[in-house]
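This report walks through one structure for a reader who has not met it before. It takes up a record annotation, then the sheets, then the packed interior and the cysteines.

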Amino acid sequence: MHELRMELHSTDRAVKVDAVKKVIASMTVGKDVSMLFTDVLNCVQTGNIELKKLVYLYLINYSKTQPELTLLAVNTFVKDASDSNPLIRALAVRTMGCIRVDRITEYLCDPLSRALRDEDPYVRKTAAVCVAKLYDIAPDLVEERGFIEILHDLISDSNPSVVANGVAALSEIAESSGKDVMRITASVLQKLLAALNECTEWGQVFILDSLAKYTPADGREAEGIIERVTPRLQHANSAVVMSAVKVILSYMELMGSQNSDAIRALTRKLAPPLVTLLNSEPEIQYVALRNINLIVQKRPNILENEIKVFFCKYNDPIYVKMEKLEIIIKLVSEKNIDQVLLELKEYATEVDVDFVRKAVSAIGRCAVKLERAAERCIAVLLELIQTKVNYVVQEAVIVIKDVFRRYPNRYESIIATLCDNLDTLDEPLAKASMIWIIGEYAERIDNADELLETFLETFEEEDPAVQLQLLTATVKCFLKNPEDTQDMVQRVLDMATEESDNPDLRDRGFIYWRLLSTDPDAAKIVVLGDKPVIEDDTFKLEPALLNILIGQIATLSSIYHKPPDSFVVRRRAGLPTEEDDEDDEEDDDDEYDEEVRDSGAGGVDLLDMGGMSVNDHKQFTPTAPMTRVAGPEKAGGIEVFSGFVQEGGKIFMELEFSNVSAGQDISTFAIQLNKNAFGLSPANQQVIFQPPISPGSSGTTRVEMAMNPAMQVPTPNGQNVNPQIQVAIKNMHNNGVFYFAVNLNFECLFSADGEMEKTAFIEAWKSIDDRHELYATVSDLPADSTSIEDVQQKFAAYNIFFIARRPVPNAEGQEVVYFSMKSVHGMTFFAELTFKRGVNAAKVCLKTEATSYGGLAKSALESLLRGD
Amino acid sequence: MISRQYRDDVGRAAADSFRLQVVAAKETGTDAPIKRIENCSFLYTRHLNMYFVAMTRSNVNPALVFEYLFQLVKILKAYLGEEFDENAMRNNMTLIYELMDETMDFGYPQNCAVDVLRLYINLGNVKPQDEPEPSQLTSQITGAIDWRREGIRHKKNEVYIDVLESVNLLLSSTGSVLRNEVQGAVQMNTKLTGMPECKFGLNDKLVIDKDKGDGKQTVEIDDCTFHRCVRLGKFDADRTITFIPPDGEFELMHYRVTDNINLPFRVIPAVQEENNMTKVSINVKVIASFSDQLFATHVVIKIPVPKNTSKAKIKNSFGRAKYEPEQNAIVWRVKRFAGKAECIITADVDLMPMTRPKPWSRPPIQLEFQVPMFTASGVHVRFLRVYDKSGYHTNRWVRYITKAGNYQIRI
């Protein structure tokens, strides 16, 4: 380090440059070289642009942790911003924008204002982007200084790159502020369209994307713009093509039906460029295919004759093949079904299991979609079943069930073939489907009862889905043929109601039992009644969602097929980020959302938990970090928040229910947990809200948790524990059941007897292999986590016990603190936290023998430090 | 290895979760190239064993992101060599930072033209000899014609045009065409003085029909895309291709043709599994259907065989054929395949007995070849006119070559 410092002060420029390069190299590999800050900064006083770039790079990286020192560079920035060399002027403006230190922004405004009017286009284009950067830190400043107006002027700049960046900056500000700063008027529109021809390829994308957000006044204007946009479909850059497609599709809606000729002409024009996209790199193909998936749902006729281009090449990547299959199913028709079936049959013999299964399932979906071709599809499925390939057979059985539901009593001749393959079935879904078929067609299968009997032997080991299906099928069988199956039905009802701890299964068992014992005729009506015929649109998107997504073509939203607000964490510019982070139920990522929490301002009570703020001075009471786990659409009109907390040595699951649209007062529920990695289960299944929650209000309650080893799912060695806990809640008012999953915040499991002797700690710490160490750096700590005393107190409230602290030798201002904790299961964890005075960040290092749980303990410490 | 944060809403920790979930999973090529982990979207592509990953929390344009990543890889190839690897990256870290800063600002791609970048960003301390004045440089970086610098001089004015076609074919085992198309590219190497205006013409059916035809064969082009130097508005209006070319090599256009394709090779396969999967008998006939004035080079015909092949007895009339276990195929190479020639290969393949017989997936036969002076689509260059103030004379050379793209025949 000393040597490096000497080199940085060298008078030889080459030595200096090399030294800065070495510093940057260390920074890149994650070494902390912030102590060289002033030395590196000194090097900036140079006319050498290469050296300047390097120093600025270093500055950007450390400005966050060294805001005070960064201010020393202000003079250089201001000076460089009026250098005679435009490259240096631009570099200064670009770098200043990247330094997010409040006091720098004050100094940024004047140079920026000059740069926006600089005679050199390179400086202007850099300044344009810098306005967007500034808006992100200080939106008020941007508005005060009139920068938005200047950006508007840049749209008609003579230089295409300046136009491009001006448009980009304006759209970004429009997006983040929610204000219409773009203000597209007739004259702005003309300017944008004119710039479209002159602009760089990226600029064309920015312009097209902002055009897509504009709504033309009428059909004629829409048509006029489309005409100017269509030439972009020929661009070599796929991003330009995709954005042009988006504009055209969105505007086509406005053209109205009276203009059907023009629409037909456009439809013809759109097909070739879409097909061409499929000749690009696989990544682009993937993007294109996800978008085409939406396009064919919205306007099937664009690609109706192009199904062949979606046939899979043998060496396409799997993810491309999967997407192509989806589109084939959407485009299949009476005209091309024979060809498609040949293709699908071909795919069903390939090697990739997932792809093969999807191909088999696709054949069934074709049958469901095209009545006149159903028979041919089934013939192919039967052929495939003859191959006896395990997963092919299982997938075929699953999809044949759907075919039966679509066309009741039409194809039962194939049941015999299916029954021949019972032994192959080992997956729950396939078994459940087969059992459903047996129950449904019990009267046509001679030995239906024997077949069910074989499944019943293993009833207790089966997956819940299979158990439910077995229960129903046996009851169906009994209703159709009471004499021979009396024993069997009795046995199933016993097993379901008495030996199972699955609430669904028990409930269904009891209902059947009561029906059968009181009114067998009613039972027949209920159990054997006609089921609604399934439709082929099962896989289509809702029209409302589809319309939103069409407007989102060429964005990530169109890849995920989800509206943007479901995954974009909205940030209000300039303010500490506010999270309205919705936990995504479908997302089974089993790690904590570290990054999202990262930006949360410490201790702010996001969910308005009333009186549970952790900011009460130095009085730390553990609180449950509540997350939204289910919305009203899933939970019968109730919005559910949940989290875990320990109090008085007991572990509670905290539940907050908001009665959004349940339609009545709600107070009584039953709860059941699926097996989980921690062996948690409710001590009492009843959940009562007192007072009852009336529509429009919300209530909180706690469910005590017990530790039950039988409820624990072992985690295989070397794997990380899944923190997810799956919960079923039954609404006792209407018997509706809903499910959600909540991640356990591990600190609630730290037990009060985790304190350790110093010597024992040291011994334990040393005995654990360094390879099992886990690291994390927590930055942007709230004020109450930067003082070691405060952290110590707060941790104590969570049973994280202080062992010792000591200053780090040779590193001024740095201190390490040791803690120990023990989970209620008896697993011990040891942590070393490093703090540095004046820096609001900490390093966490964690060691444990219970490696699978280590990640959770580490995350728990991190989130406590952050105060969320 | 190297990371540049353009915005501060994604941190380095996010990169770790990508490393754990994607890189460590090693499921290369099966997972989609866009992955969402903890509300952060990762868009990635690969070069050798390196991942180039873009991270974002916003609803970005994914095509734009990928196009930028491809551009970045292309730029790095230009600076560090086609096959640049981890070491090359590590040794040139500061250069890469510099390139990344210049080509992207706050998440918005900027000028990515390698020729222009080279003017002011270079390896080490070597300065380009003709480093332009800063103001001239900046107008170059931001200019309307950012792909060409001013004041270029060549002693001889020349243009080389290569029309490269690759034929994609997917034939079912019964011989019906499932998919067939030609992807063409027109590559140019221009050595022209000044800022010349070029006009280029193919035997595009739409253009020639309009001109009442000159009796020659025309081709129906389904779709084409152009280098950004081509004026798209003009093309849309009257299908003329006009442009000011970059200096040196570039791809002027790509096109796609699906009708009336002249397949250079016909393949008639007969592959049978015999004696309860202990033997496979193969008989494949290959016919070159192009003119006997021409010939194909680098012909490789890969005939797949089951994994448990023990030996293969092969008979073929010319070229060299052998069983290559690592490819699970009989690979037959012919250096020079004359037009109108016909050839048969037969093979008896013995299989090793397997304890658990698995059905053979019968992958398709694949062909590779090159046929010079032949275009499968029938496309040819009608003219290239160069206009420059000084009115110099330009020499033009045109070459054609057709290659196999995905040329597959199912068996």
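UniProt positions are given here in the numbering used for this structure, and such annotations may be inferred rather than shown by experiment. The model itself is predicted. With that in mind, an unreviewed UniProt entry lists residues 750-866 of chain A as "domain: Beta-adaptin appendage C-terminal subdomain". Over this stretch, chain A is 31% helix and 32% strand, and the C-alpha atoms at the two ends are 18 Å apart.

**Sheets**

Chain A also holds an open sheet of four strands, in the order E6-E4-E8-E9, with antiparallel pairing. Its edges are formed by strand E6 (686-693) and strand E9 (736-743) of chain A, and because each has a single partner strand, one side of each is left without a neighbour in the sheet. From one strand to the next, the twist averages 30°.

In chain B, nine strands form an open sheet with mixed pairing, and their order is E9-E11-E7-E6-E21-E19-E14-E17-E16. Here strand E9 (223-226) and strand E16 (320-324) of chain B stand at the edges, each with a single partner strand, so that one side of each lacks a neighbour in the sheet. The twist in this sheet averages 15° from one strand to the next.

One strand pair from each sheet is set out below.

| Strand pair | Sense | Bridges | Residues opposite each other |
|---|---|---|---|
| E8 (residues 724-731) of chain A and E9(A) | antiparallel | eight bridges | Ile725(A) and Val742(A) |
| E6 (residues 158-171) of chain B and E21 (residues 395-409) of chain B | parallel | 13 bridges | Leu164(B) and Ile401(B) |

**Nonpolar cores**

The largest nonpolar core has 271 residues, and those with the most contacts inside it are Tyr58(A), Leu112(A), Leu211(A), Leu303(A) and Phe310(A). Helix H2 (residues 62-80) of chain B gives the largest share of this core, 13 residues. Leaving aside neighbours within four places in sequence, Leu211(A) is in contact with several residues, among them Leu189(A), Leu192(A), Ile225(A) and Tyr251(A). A second, separate core of 73 residues includes Met188(B), Cys224(B), Cys229(B) and Tyr323(B).

**Cysteines**

Over all chains, the structure holds zero disulfides. For Cys419(A), the closest cysteine sulfur is that of Cys477(A), and because the two sulfurs are 12 Å apart, they are too far for a bond. Cys419(A) is buried, with a relative accessible area of 17%, and Cys343(B) likewise counts as buried, at 2% relative accessibility.

Conventions. Residues are numbered from 1 along each chain as its sequence is written. Chains are lettered from A and ligands numbered from 1 in the order in which they are written. This is a predicted model: local features need pLDDT of at least 70, side-chain atom pairs count only at pLDDT 80 or more; totals for chains, interfaces and linings use all residues. Side-chain values use heavy atoms; hydrogens and water are left out. A disulfide is a pair of cysteine sulfur atoms within 2.5 Å. Buried means under 20% relative accessible area, exposed over 50%, partly exposed in between (1.4 Å probe, protein chains only). A nonpolar core is a set of buried Ala, Val, Leu, Ile, Met, Phe, Trp, Tyr and Cys residues joined through side-chain atoms within 4.5 Å. Contact means heavy atoms within 4.5 Å. Two strands pair if DSSP finds at least two bridges between them. Axes are lines fitted to C-alpha atoms, for helices over the stretch in contact, and angles run from 0 to 180 degrees between N-to-C directions.
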